[in-house]
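Student: Please take one part of this structure and go through it closely. I would like the strands, what packs on them, and the odd backbone spots.

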Amino acid sequence: MTHLYKHLRVHQVFGANTDVGKTIITTALVRASALNNNRVFYLKPVSTGAPQDADDEHIKRHAGPQKHLVDAHCLFRYGDPVSPHLAAKIASETQGVKISAPSDETFVRSVAEHIRKRAKAVSLPAHMYVETAGGVHSPTLSGTTQLDSYRPLFLPTILIGDSKLGGISSTISSFESLLLRGYIVDAILLFRDEYYRNFEYLTQYFAERGTRVTALDPPPPRIDDAAEDFAKTEKYYSNLVPDSLQGDIFTAVEHLDTCHARRIQELDSMPRRTLDAIWWPFVQHGLVKNEKDVNVIDSAWSDFFSVYDASSENTSQPTSLLQPQLDSSASWWTQAVGHAHPALALAAANAAGRYGHVMFPQATHLPALKLAERLLQGPGKGWASRAFFSDNGSTGMEVALKMALRSFIVSSGLELSSAEKKSLGVIGLRGSYHGDTIGTMDACEEGVYTCEWHEAKGYWFEPPTVSIRQGQVAVTLPPALSSLTGDQQHQAVESFETLSLVYDVEQRLTSPLAKHYRHYLEKNICNLQADNSRKLAALVLEPIVMGAGGMIFVDPLFQRIMVDVVRDPTLFPAALPVIFDEVFVGLYRLGFESAGPLLGVNPDISVNAKILTGGILPLAVTLASDHIFQAFNSESKVDALLHGHSYTAHAIGCQVANATLDMVGELAKSNQWATATRKWAPEGAPSKVWSFWDPDFITSISRLDIVDEAMALGTVLAIKFKDDAAGYASHSAQALLQSMRLPLDDGSTSPAPGGAPFGVHYRTLGNVAYFMSSLNTSRATIEALEDRLWRLVCS
């Protein structure tokens, strides 16, 4: 994904099947490139069979008059003429020693390093061809199909079509398999078989899809006499690739050069075009001064972007125009299993092909029904009875608020005027954020995210927070709660031996702090009720962590007691509906499926989004208890929940969500999760909370002079830097971490796909820097980021 050089055009050659002439046609391309006075590199990553029959040896024999310009190489060679995965296994068994085949990571890094070395070896225009083995789905050494194994490299592709009987189908199927995984297919080449004439059909078929097809004369039959076979084959290549530099093969090479140049030109033009056409979210355009400030993402894979860096042209040593960049915010918290996962892409394509979009009112389809059922038995188990679909987290919360307010009115039996209904309010926490639609903004106090129409409808308590400060686990109380210490002017801090103790909510319910919380909340809520300006109708919480407000880790005990208080019949004859906004924190983002079991109490309504569809496309689900549902259930149409979206329960999103949850379920049982959980377990005892981030790293970084506090749960790491001007408008964290965007080359192989040095794309919230992994981010990637952070903040 990071191989694009101005001076070196690289193409990968896939075949629509075995025995389609992949090496013959690649040899012709190599020969034509060399005749045009280009230095040419040929790579056969894996070769199986006798050495004399190897494809790289064929290239060397028939490289043509300019063979001195051709370099042919093979990385992994096995003697048995079988599929690479089987050849590697046979080789291991024959040697009598159990040797594992190279992993996909090792394989990809070997190919990537070879490309980088060749790119550094030349400064004049050069061509490179990387030839795969067999068909597009033939296994590599690990057993992974080639399309998936090579995908991290993201090399532009040439597809060698099948000219034989059945070849039309195999060629189109191979092309579609490539497209489903995001490959760029620049050209299709195949032999001109005059009997089956596949090239005629395929030329017209792919012309309609904007892809060029080139048909070439087929080679002569192979003969037993080696010398005669060589002479006949050499004559074939001389006719196919003549010294006149005229013919279809040269047109094909010219087309590949044009595709290469056009791709670079487009990438180079994108920053200026973007600045002229796009209005970004959450970006002050007045602070974007130059085209270099535009992050041009060419592709993405796993936890990394591949970004365009025009400045690499100006370096003394030729480097790629594309650089890997770690997506350390999980693309606004959406990534579950990394970018461009083939299983999710196939799920989306399958649903798109089967359904497209079908309207949902009074209808059903299997992806939506399965998703609703599994969510009711997952995060909704034991309390939820219905699932309502919407477009995204913000609209999911709009639905939740509508549900809660109607339910409150019905349950309370109050006869409210229209004006009184409009003035219903919520209880929440200061720093909360539930989305950018008007209703969700009104459920938060006025702040940087609100707009001119905003009308804060409720009351928001400043919460006590959990963090690690100077190596000590602490619950910090805001001034309003600090009367426990007798100091109304400063924050009080209560220390804990382990993080696990803080999140043992049931154990803490009898503590003095719990009694203090309850007294504080009851007193203030009673005062709010006595104020007739607004009737309280719901409790709205981001459980455990308030994300957009600054990665605020709220004391779970405080949130538990908030729920208990609003359900206390002595205070509220009609209990307030409780909404959990789990758009950010839900579905294992914090290491657990939902917050209810951790808090020891379930909501009446909850919202899930983001991780739900693995970052592929937007979808939200609002879960509701039967009590909430019955508030809308009658024989009158106007009593129904008259809320919906054109793309409600779109089959593509639901299908992807089901595939995502399947994968997440397997990850939850993985050794990687078990290992991370054990690291956070106090003295081996089970812990309710854990993180992918190393506990010793968190403790150490919290002791640094420039750090106010640090905290981690699940995939999330937050570091609050000391700053007198703290707040969302602060640029302190952004400025401090600025150098992380640049790749760091320390001479070692990085965990980025292909092993190249990588930069870090990050987001900050004022003086808070946060970092977020996917649910399957490798430990090596997390360690690399921890090391990078440590070096930076200690410098």
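Tutor: Here is a close look at an open sheet, followed by a helix pair and two backbone details.

This is a predicted model; local features need pLDDT of at least 70, side-chain atom pairs count only at pLDDT 80 or more, and totals for chains, interfaces and linings use all residues. Residues are numbered from 1 along each chain as its sequence is written, and side-chain values use heavy atoms, with hydrogens and water left out.

Start with the sheet. Seven strands make it up, in the order β3-β2-β4-β1-β5-β6-β7. The sheet is open and its pairing is parallel. Strands (E, at least two residues) and helices (H or I, at least four) are DSSP runs, numbered from the N terminus. Two strands pair if DSSP finds at least two bridges between them. The edges belong to β3 (70–78) and β7 (212–216); each has a single partner strand, so one side of each lacks a neighbour in the sheet. From one strand to the next, the twist averages 20°.

Now look at β1. Four bridges join β1 to β5 (residues 157–160), and the two run parallel. F14 stands opposite L159 in β5. Helix α4 (residues 104–121) packs on the sheet and touches β1, β2 (39–48), β3 and β4 (126–135). Contact means heavy atoms within 4.5 Å. The direction of α4 makes about 165° with that of β3. Angles run from 0 to 180 degrees between N-to-C directions, and axes are lines fitted to C-alpha atoms, for helices over the stretch in contact.

Follow the chain past β1 (8–15). D19 is in the loop between β1 and α1 (22–35). D19 has a positive phi of about 55°, although it is not a glycine. Most residues other than glycine have a negative phi. D19 is exposed, with a relative accessible area of 62%. Buried means under 20% relative accessible area, exposed over 50%, and partly exposed in between (1.4 Å probe, protein chains only).

K610 also has a positive phi, of about 45°, and is not a glycine. K610 sits in the loop between β21 (605–608) and β22 (620–625). K610 is partly exposed, at a relative accessible area of 25%.

Last, the helix pair. α18 (residues 512–530) and α19 (residues 556–566) pack at about 45°, with axes 10 Å apart. Among the residues that meet are Y517 and L521 in α18, and F558 and I561 in α19. The residues of this contact divide into 11 nonpolar, no polar and three charged. Ala, Val, Leu, Ile, Met, Phe, Trp, Tyr, Cys and Pro count as nonpolar, Asp, Glu, Lys and Arg as charged, and the others, Gly among them, as polar.
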